[in-house]
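Student: I would like to take a close look at a single part of this structure rather than the whole of it. Could you choose one helix and walk me through its surroundings slowly?

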Amino acid sequence: ATDMRLWMLREIGKLQGLVAQLIGSAVEHAKQHVDILMPGYTHLQPAQPVRYSHLILSYAFAWRRDADRLADLKKRVSVLPLGSGALAGNPFDIDRDFLARELGFDAISENSLDAVSNRDFIAEFLFWASMVAVHISQFAEDFIIHASKKNVVIADAYSTGSSLMPQKKNPDALELLRGKTGRVVGSLLSILTTLKGLPRAYNKDLQEDKEGMFDACDTTAFSLQICAGVLATMKPVESKLLGELVPEMLATDLAEYLVRKGVPFRDTHHIAGAAVKMAEDRNAPLSSLTVADLRTLHDKFDDDVAKVWDYNTSVENRSAPGGTAKSSVLKQIEQLEQFLQTHSQ
């Protein structure tokens, strides 16, 4: 158990550096493309305009949580079990605190029965690795979809051609990252299943704690590096992303226009819905509705409603902290850069 903890402490240091590298790649990518607009999606349906950089940063903040979790896990790994004996403790009054200091541990275990059977730190590590894998898989899925629509270009280093169809460029690196998630989550489920039936102190079942831990560590390490490489070399296609914006994505902005005129949102939501239906019945874009058309739905509509049909205005209105306005996105970049600077010291 002591050796496993020593090994894990060393690996956590390496993994912390790789997570920071991935966050840094995301931040740099967002900075380079901060002005590109694109559709945001819910239920895989076009929803509202957002900045491309806002999407990228959404993953950076997920990976920052992963970094925080790993740092928090480290203090529970850095507990020395040496001196617990087989189960009852050591009879020679050894100085366990001295041993802990010499080996670089922050604390000693406080109960020998618990110490010899405790594999919480492995389960926790595997949960951490599973969460990282899930976040990377979600990123991969998003950009597999965008690559299929030619909204982004994945570098040749992270793509392959087809063995049959010469025109194909498959996002294989992203698909492999997505596929590795099941492997890591499987290791977590395996250790939890092993632990659930064990009585106190050591049991031979605990021999099963190592294979999944080693494999998940290796898988997570190369996944973090590959994902960082994909991000560093990926190119958004601005014309394609802008081309997917349609006026119907501004239906919420239409409702908010009336809110600014003093109409309660519970009413404006229905009014904007009626406007969408009117446009659909005419087989016309929502932005084609005239002021006269809109006034049949509510008398607060005026000539200034034309300003609603501007995607950049829609995005810039979302300027509250965490939003997709440029000022908010730049603030998010600043927060992440401060995080990286603090964690590089």
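Tutor: What follows is a walk along one helix and the neighbours that it meets. Please keep in mind that this is a predicted model, and that the helix I have chosen is α1, which covers residues 2-32.

Let us begin with helix α5, which is made of residues 120-148 and packs with α1 at an angle of about 20°, the two axes lying 12 Å apart. Because an angle under 35 degrees counts as roughly parallel, α1 is described as roughly parallel to α5. The crossing in which α1 passes α5 is left-handed. On the α1 side, the residues that take part are M4, R5, M8, L15 and V19, and they meet F121, I122, F125 and W128 of α5. If you sort the residues of this contact by class, you find eight nonpolar residues, no polar ones and one charged residue.

The second neighbour to examine is helix α13, residues 326-343. Here the axes of α1 and α13 come within 10 Å and cross at roughly 150°. Since angles over 145 degrees count as roughly antiparallel, these two helices, α1 and α13, are roughly antiparallel to each other. Their crossing, like that of α1 with α5, is left-handed. From α1 the contact draws on A20, I23, G24, V27, A30 and K31, while α13 contributes I333, L336, E337, F339 and L340. By class, the contact of α1 with α13 has eight nonpolar residues, one polar residue and two charged residues.

Two residues in that list, K31 and E337, deserve a further look, for they form a salt bridge in which the closest N and O atoms are 2.9 Å apart. This pair links distant parts of the chain, with K31 in α1 and E337 in α13, 306 residues apart. As a general point, side chains of opposite charge can pair when their charged atoms come close. A search of the whole structure finds 25 salt bridges.

Finally, if you follow the numbering past α1, you come to strand β1, residues 37-42, which runs antiparallel to strand β2, residues 45-51, and is joined to β2 by six bridges. One of the residues in these strands that you can look up is M38, whose bridge partner in β2 is V50. The two strands, β1 and β2, form a hairpin with two residues between them, and H43 in the turn has a positive phi of about 55°.

Methods: Residues numbered from 1 in each chain as written. Predicted model: local features only at pLDDT ≥ 70, side-chain atom pairs only at ≥ 80, totals over all residues. Heavy atoms only, no water. Axes fitted to C-alpha atoms, helices over the stretch in contact; angles between N-to-C directions. Helix = DSSP H or I, 4+ residues; strand = E, 2+ residues; numbered from the N terminus. Parallel < 35°, antiparallel > 145°, perpendicular 65-115°, else oblique. Left-handed = near helix turned anticlockwise from the far one by under 90°. Contact = heavy atoms within 4.5 Å. Nonpolar A, V, L, I, M, F, W, Y, C, P; charged D, E, K, R; others polar. Pairing = 2+ DSSP bridges. Salt bridge = Lys/Arg side-chain N within 4 Å of Asp/Glu carboxyl O.
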